[in-house]
Amino acid sequence: MAGRYGLVLILAALILGGVIVLLGHVEQGVDFSAALEIWGDVLRDVDQVGFKLTRVSNQEEVRLGKEIASQVRIRWRENEEWESYVSSVGQTLLPHIQRKGIHYEFHVVESSRVNAFAMPGGQIFVTVGMLEFLQSEAELAGVLAHEIAHVDLRHCIEGYQYVLATKRVGAGEVGHLAESFRRLLAIGYKKYQELDADAYGVRLMIEAGYDPQAMAVALHRLRQQFDKGGRPQAKTPVGEFTQALEQAIVSYPRSHPTSEERIQRVERIVSRNRHHLSGRVLYVGAENYRKRIPRSLEDLPSERRGF
Amino acid sequence: METLIVILLGVLFIRWVVISKRFKELDRKIEELSSRWRGAPPGEATIHDVAQRVANLEALLREDVGAAAVLEVPTTTRPVDIPPGQIETSSTATVSPQSVDTAFRLEVSRRVVAPSIPAKPSILARLGRQIREQVAHEEWEAIVGGSWLNKLGVLVLVFGLALFLAYSLKYLGPAGRVAVGFAVSVAMLGWGVVLERRVRYVIFARGLIGGGWAAVYATTYAMHGLEAARVVRDPLIGMVLLGTVAAGMILHSLHYKSEVVTGLAYFVGFVTVAISPVSSFSVLASVPLVGSLLVVAHQFAWIRVMVAGVIATYGMYAVRYTLGPHSGSFLGDFVSGQFVLAVYWVLFEAFDLLGVARRRQTIPLSQTIFPLNACGFIGVSLLQWSSVGLTDLHLFFAAAAAAYLASTVVRARIRPPSSFDDNTSIAERALLGGYESAVTIAVALATPGIFLRYSGLSLHVALLLEAEFLFLAGLRLGQPYLRTLSAGVFWLSVVKLLLADIARGGQVTFAGMNMMAWTSAALLTAVVLSINRSCIRPSKKPLLLLPELAYSYGACALLVLVLGFEIRPTYVGIGWLVLAFPLFEIGLRKELAEFRYQAYAVAALGFAAMVMLNMFGTRSDIVSAPWMTLGLGAILTYAAAARAFLLRPGRLPDRERLLVRDVSSAGGTVLLTGLIWHVLPAPVVAVAWGIVSLLLIELGFVLSLPMLRLQGNLVGALAYGRLFLANFTGTGETAGISHRVLTVSPLTLFFYYLSAKLRKEGGRGQLVAWESGLSRLYLYAPALLVAVLIRFEAGPVLAVVGWSLFALGLLFVGIRWKSDDLRWQSYVLALLTFLRSWATNFHIPDNLAGAPDRVLIGAVVVGSLYAGQFLCSRCRNGGISAAKSRVRDLLTQLDQQAATMYSILATTLLTLLLFYEVSGRLLTVAWGLEGLVLLVAGFLLRQRVLRLLGLLLLGVCILKVFVYDLRQLDALARILSFVVLGVVLLGVSLIYTRYREQLRRYL
């Protein structure tokens, strides 16, 4: 391999690879995201060892969820106008989840913040601010699917497993300590859980018959409204490196990836699963959303999109 | 004026008082010395004296040197005539008169030396001695009264006469005053001449003669010079009369051959002129005075008179010009004054030249004439010029410089450089009348003159001309000093350029181009310096030529400055780099190391500029032009490296040649790397760096240049790191192939190729020390790349498929090629696969296919692990570990247990998969069946580890049914679990029992 032919072969491979890349659409991103992702993988795998060993039953998780939800409801007043509609949409997603033993409940709270969050045991909360931000039933399904994914993938309960496990043996303080340590570790991969939740949510949406593009649309709007502008491109190699390092340091403790990353991920998933989606008709439901009448009660043909 | 004279007299009086005190002190000391000397005369000693003195001496000697030199002393006191030659004593010692005399002298010296007298008499002692010699045996009072008062009296009288001549009286007209003046003067002269014949009145007479001549001169001067005594209107007649008097004075003084007398006469004459009103005539009147002084001083070699004359001449002129009233046309006075000064200068210079010709400069006082003349002439002229205004001052400087140039020529003829010893310093030559002093002053005058006359480029050209003239003269005449002077002027022009012209800035337009105002001057200077440097040959006095040796550095620095200011900042670096090439070639061909050093310095400067400005972009106004800057720079530096590489041995010192080669190539690589970064998109940069790395390493092996290979390895490392920054997370693709695969895969192959290449070259002994571990490193690096590529290409969950297959591939190749490293990599990858599979459970969040995909993925992974076990079990891997580290030891042991490891991993993974996928009701059944399959496979494949794992699993099932199933499962599931498990267990047992014998052989 190390002879003259080997040299020619390697050289040709390098040149060919470079040329082919130049012929396509080239992205210019330079950052430490690859290293951070690998590091996140390592942390997540390490964490999983503990999670596997301290797994709680579905019943225990539901009980815990109800307990936490009651605390949330004390803090925030619920909006009953939206709750039935949101609950109807959410119920359409549930047949496709993995963990059937979880009983989901959907709550709408009075808050102007654009936010939605999930608690263990299927307790899903959406703020009025989020509902006012969304524009279609598919977008609402995307948000609810994302939060359901967090529950179904055990992201929510994992935050309590150590505490529950140590409480069982009467060492609750140790559990709190372990949980604190775990959260420190979780900083490294929390945002990848968000990406997983997005991906899982897309699957739920599709399986429930909603257009997954709606999630990307909502994220686009989120980016325009809340994300800061992009950084200018570095002009020197050293500038590029320092910019990447700076971005890595800033982004590491963030719990959510950027909207741009989420959009790209969603679009990639859709693209990758194109063969599964071809020929299917998926629902958007903008009119349904405006009227707050779920598709299950009013299926409008104009809201359907062919893939 | 009068006040000054009174002050002068007062000073003289005080000085006399001080000196007289010193005389008294000296008298006392001399008396003391004499008395001491008279106290012990050795010639008159009797035997008693001798005996006593010897005793004293004995005591002294005992004190000083112990008993080693004791002399026995005779005890008799009767005077005895001792025959010469011997003194008898009562003891054994024999003493000779010489030794006694010596001993006595020793004793005397002990007494005398105790109050120490310095070996060399002080200045005052010498002065005292001189004065004493001069006054001989006369008493001091007589000296003061007879000689000093005589002289002072004459002085005062002549002063009074001069004042009388200038004073307007109602009843005595000019003629009368002149007549009176002459009468007094002649009377003094005549009386002096008469009295001189008598010995007693010699001193008095000489004072009168001196004063008489001074009075004659003063009166003659007043005949035209003073209004109150003007009887001669024509200045020419006045001058003639003065000249006549001066001639008479000279002739008469020659008769006495006394420097003091003549000096006094001239002193009085100078003072006379000094106190008269300032006018053209008064100025001219001093000329014959000076001239005659020169003649006399030259004739008799009276240097002190000459020195005093120089000081008096210029001092008088300066005092008269600054303090005295000016009369007549101011401009007229100025011109005549300058003329007179010039005459003074010529006269004194001529005297000095005559002295040089006569080799009189060996006398230290003679050496002061030249500098005094120069200081006086230039100082007084400048004083005069300052009152006129400085607009034409350059004319004075030019004229003075020309005069000193003429003096230089004359000095060179009459005291040629060859007349000095080779080891005579420049300063000594200058003092001894060499041309060096005159030419130095000429240059020192010409230079400010040029500054005053010219400005801008003209000034610079004029300076260059002056310097070049000196340089060429020095070259032609073989005179290093001239060239040193020229170097001074050259460097002055350079300093002026740097400190004044560049600082001032400004722009001009030349041939349609805008350039800095000083650029043309700088270029011209650089050219001249370069040409001059080429004319310089090695000298016996290298220190003297040191400023010239720096010509080329100066020229180079100027060229660098010009380029730095004239070229746009974007191209400054490349401009400097281009400049370095001709410098290097000149240095190489002419064998002048300094040019080569300049080339290196300029090249380093250019490189630094390119890195800072073009690569790092420290200035925001820099326009990006990477091809023209970094590209061209890389080509040039590589060309330099090639040039150094291809040079014939001996043309450059080896160390220098290697350094140039290596540093240039490294610089080229840096620039090329930067160029690639600038021009290519982010994902392709790593690939391009990989190509560069490959070429450098290959070239390094072909040409046997480890430095090139080092550069190649470093660039390869850069490419490797770059992948993690720019290539793994991008989403670009071409024709459905991700850019990640298109860039990472070739680089992976590249690193494997490097590993093989290094191993091959290592086998041929071509590697240097630091390369010895690289082959192994290049085996691990691409493995990591592949693992990461699979992770990002397939996703965190699906990556396990790729990893398991890659691990299998590594294991296969590792076994085939007997490579420990590849096998170890496969073990690590297998472990990683297991952990990731366990953590993710093959669940892909965005996979729409659902369970079938997951089962397929799981099957592939588990199958790969079992395949690995199969491969390992068919080969004997590892061996006796010659481990140098614990890690290596561990890996070697793992090698020996690889099959077991793979089996455990696969079985555990399968068991876990079943645990997560199969519901609790059928789990025991599933595990039981798994155990059975493992046993069967173990028997069929003759794999003991499979059978053992199967048995273990069945054991777990047994435990589960009793601990968990019995309590947690419903009735139907519980029954199924127990029944299926029971059947399985029985079946296994039956097999083991039925085929015991075969199994015994089998096992």
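## Exercises on a predicted two-chain model

A:Asp196 counts as buried, with a relative accessibility of 11%, where buried means under 20% relative accessible area, exposed over 50% and partly exposed in between (1.4 Å probe, protein chains only). The model is predicted: local features need pLDDT of at least 70, side-chain atom pairs count only at pLDDT 80 or more, and totals for chains, interfaces and linings use all residues. Residues are numbered from 1 along each chain as its sequence is written, chains are lettered from A and ligands numbered from 1 in the order in which they are written, and side-chain values use heavy atoms, with hydrogens and water left out.

**Exercise 1. Identify the salt-bridge partner of A:Asp196 and locate both residues.**

Step 1. A:Asp196 pairs with A:Arg265 in a salt bridge, with 3.7 Å between the closest N and O atoms; the term denotes a side-chain nitrogen of Lys or Arg within 4 Å of a carboxyl oxygen of Asp or Glu.

Step 2. A:Asp196 belongs to helix H9 (residues 190-208) of chain A and A:Arg265 to helix H12 (residues 259-272) of chain A, so the pair ties together parts 69 residues apart in sequence. Helices (H or I, at least four residues) and strands (E, at least two) are DSSP runs, numbered from the N terminus.

Step 3. A:Arg265 is buried, at 15% relative accessible area.

**Exercise 2. Describe the salt bridge between A:Arg290 and A:Glu287.**

Step 1. The closest N and O atoms of A:Arg290 and A:Glu287 are 2.3 Å apart.

Step 2. Both residues lie in helix H14 (residues 286-291) of chain A, three residues apart, about one turn of the helix.

Step 3. A:Arg290 counts as exposed because its relative accessibility is 60%, whereas A:Glu287, at 25% relative accessible area, is partly exposed.

**Exercise 3. Characterise the salt bridge between B:Arg533 and B:Glu594, then name the network that joins residues of both chains.**

Step 1. The side chains of B:Arg533 and B:Glu594 meet at 2.5 Å, N to O.

Step 2. This pair links distant parts of the chain, 61 residues apart: B:Arg533 is in helix H19 (residues 519-535) of chain B, and B:Glu594 is in helix H23 (residues 593-615) of chain B.

Step 3. Both B:Arg533 and B:Glu594 are buried.

Step 4. Elsewhere, salt bridges that share partners join A:Glu37, A:Asp41, A:Arg44, A:Asp45, A:Asp196, A:Arg265, B:Arg791 and B:Arg836 into one network.

**Exercise 4. Describe the interface of chain B and chain A, and the surroundings of B:Arg791.**

Step 1. Chain B gives 53 residues to the contact and chain A gives 58 residues, contact meaning heavy atoms within 4.5 Å.

Step 2. The two chains bury about 4,800 Å² between them, 68% of it on carbon and sulfur atoms; buried area is the accessible area (1.4 Å probe) that two parts lose on being put together, summed over both.

Step 3. Five salt bridges are found across this interface. A:Asp45 and B:Arg836 meet in a salt bridge at 2.7 Å, N to O.

Step 4. B:Arg791 is placed in helix H29 of chain B and counts as buried because its relative accessibility is 6%.

Step 5. Leaving aside neighbours within four places in sequence, B:Arg791 is in contact with A:Glu37, A:Asp41, B:Pro796, B:Ala799, B:Trp803 and B:Arg836.
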